[in-house]
Amino acid sequence: MQFVRPTPFNEAVEKIGEKSVIGSKLKSSEWSEMPLALRDRAFFSATIESVRFLQEAKNFIGDFQTGAKEEVIGPDGIERSGLKAGSRSQFVKEMREFAVASGLGPLNPDDEKTVKDIRSESRLSLIFNTQTQAANDFGYWKQGMDRDLIDEFPAQRFIRDLDVEVKRPLHVQNEGVVRLKTDLDFWLAMNSPLIGGFGTPFGPWGYGSGMGVEDVDREEAEALGLIKPGEKLQPVDKDFNERLQASVRNLDPEMIDRLRESFGSQVHVENGTAKWNPKSLAIPEPASALKREVPIKLPEQATSLDKIVEELGLLKKETIDAMDIRRLREELREANPVNQAQVIRSVVGSDLSGHLKETELRVVVQDFLNFIPSAKAASLPKIDLFLGRIDSLGSYAGSGKVNLNYSYFKSHPEELKRTLFHELMHWFHIEGSAEFKTAIQTHFTERTAGESVKPLAGYGKKTKGKRDKWYDSYAGRVYPGRADAEAGLEVPTRYFELLAKEPAALAELWNSGPEFRETFLIVLKGLF
Amino acid sequence: MLTVNHILKFKDGRSVSATLSARSPQGDYPVEYSGDVSRLLRKFEKSDPFVLEALFKNLARELNAELISTQNGEFDIFAE
């Protein structure tokens, strides 16, 4: 029997729920010096003393995790059921309004609009990302400790999920390393406070680390010599809980003084053992001016591309720059993307080493999945990646089968990401929703009306299509003989693969004219 | 190999040119610039043919210059 990690994450929901809201002036570095068990069980944000603000943030994230719904009345007077807390952008908007209404902001005016400003997008996004990732990663870890699951997937690989500007040397050193899930010392070292980590054996692996883990099955773990055939592992969640408890026992008087000074009545210390004081955490009903107002909106508008584009002001600007594209990409990223390990069924290649490691392939697939709603990704066929001798750079053979040119990428790995984004978009488009297919086909038909099929310049005489004003003529390719010959099969691929490019390059294309923007936005709408 | 060339001709008679040769549309390749390069408001050291074309179209508009573009050859390989 094959086990996969189940969803939804009750463990993740419970993790958020059991946290105590703790307001404090402490900076991140000072929080990292506090006993691990207190940190692990606190919902806090560095330097934020407003318990009311933190409670509001916790409520939102709790609603987000549970997918809580509410009835809202739209402008047409019709009552509909919609998500109470639908997205990071909604979190940023609502919490910013709450912070402004509460008079929260940095003491130093120079810190305005920086990550030190609780009203800033960067700070609020950081809170949302860190809290949701922490809950989800705990959920994955806790589920991974299930006896049946740990037997089937006894190890995990430490992987880079996101390319970040400042990589921790210890993480770089251990990228791709596979260790047993029960190797607490190794996983705690990867998340050590000494390198800015959170002191847990699960992610996040420090602010902005870009690191993640993927499950490794028994067959591979045995091949790596990590576990013997038939050997049973003992889950270590209780061992970790013991370590947590130990961190708040037998505290020295100096630490007790620091806790009382930092948290006042929020912390209770008895016989040298500290815990959060539930009696001090009762929060009075917020004043009506501060009450969370849920904006009335139609459900389909909750996380629309139109809203993101409007909020970023992209269509109002004469030209946009790399920063605008970075912000757009950030908004397009899913808060809870599906893990590639849940989507990739197999990776087959003759010699996956050097520049072309399986880990690298999985990282690129994850980069792609980060833009795809997890429910949509989970509904598609599992992916089989094959690296071998093929005539093209890559091709999509249907039913999740993605072929890549092994020898080409062995010598030109820098072209892998864009190619893989291209092929995975075929997977998303061809196997995906009828609505997306219709939108693309309609756009293709309208844009190429009256055009005849001709060889596409630069692609050989056999490659034919309708040139139109696509940024690359290949987007107009038609496939004679196929039922979907003129369905615009290469429109989503060619435009979506641009998300793998440098933001400055994509900004030039965006600024090149309305034809590019129209198609690009139609393709991106398929993500919602 | 697909080779593209773009020339911006300014009203004062000066010009700047960029040439790029690409094996595939999925890669970025070195761009060779010549002429009055200092007139360019921005440039890419490496690019694909499409972004280079967009860059020169945008620069032509911003600098009020004439754009002459040519394309020769074919890609050796591409993602299908």
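How many bridges join β11(A) to strand β13 of chain A, and do the two run parallel or antiparallel? Before I come to that, let me say that what we have here is a predicted model, and that I will go through a few of its strands and helices in turn.

To take up the opening question, β11(A) and β13(A), the latter covering residues 401-405, are joined by 5 bridges and run parallel. Strand β11(A) has another partner in β10(A), residues 344-349, with which it pairs in the parallel sense, again over 5 bridges. If you look for Phe386(A) in β11(A), you will find that it is the bridge partner of Val348(A), and that Phe386(A) also stands opposite Asn403(A) in β13(A). The strand β11(A) itself, residues 383-388, is mostly covered, with 5 of its 6 residues buried.

Let me turn now to an open sheet of 3 strands in chain A, where the order is β6-β5-β7 and the pairing is antiparallel. The edges are held by β6(A), residues 178-180, and β7(A), residues 211-216, and each of these has a single partner strand, so one side of each is left without a neighbour in the sheet. From one strand to the next, the twist averages 35°. Between β5(A), residues 155-160, and β7(A) there are 6 bridges, and in one of these pairings Ile159(A) has Gly212(A) of β7(A) as its bridge partner.

From the strands I move to the helices, beginning with α11(A), which spans residues 237-247 and whose buried residues are Asp237(A), Phe240(A) and Leu244(A). Why do these line one face of the helix? Seen down the axis of α11(A), the buried residues fall within an arc of 65°, so they share that one face. In general, an α-helix has 3.6 residues a turn, so residues three or four places apart point the same way. As for what they meet, the buried residues of α11(A) pack against α3(A), α6(A) and α9(A).

The other helix I would like to show is α14(A), residues 322-332, where the buried residues include Ala322(A), Ile325(A), Leu328(A) and Leu332(A), and also Asp324(A), Arg329(A) and Glu331(A). The helices against which the buried residues of α14(A) pack are α5, α6, α13, α22 and α23 of chain A, and you may recall α6(A) from the packing of α11(A). Finally, at the start of α14(A), please look at Asp321(A), where a side-chain oxygen reaches to within 3.1 Å of the backbone nitrogen of Met323(A).

Definitions and conventions
Residues are numbered from 1 along each chain as its sequence is written. Chains are lettered from A and ligands numbered from 1 in the order in which they are written. This is a predicted model: local features need pLDDT of at least 70, side-chain atom pairs count only at pLDDT 80 or more; totals for chains, interfaces and linings use all residues. Side-chain values use heavy atoms; hydrogens and water are left out. Buried means under 20% relative accessible area, exposed over 50%, partly exposed in between (1.4 Å probe, protein chains only). Helices (H or I, at least four residues) and strands (E, at least two) are DSSP runs, numbered from the N terminus. The arc is that of the directions from the helix axis to the C-beta atoms. Contact means heavy atoms within 4.5 Å. Two strands pair if DSSP finds at least two bridges between them. Axes are lines fitted to C-alpha atoms, for helices over the stretch in contact, and angles run from 0 to 180 degrees between N-to-C directions. A polar contact is a pair of N or O atoms within 3.5 Å; within protein, one must be able to donate a hydrogen and the other to accept it, and residues adjacent in sequence count only if both atoms are side-chain atoms.
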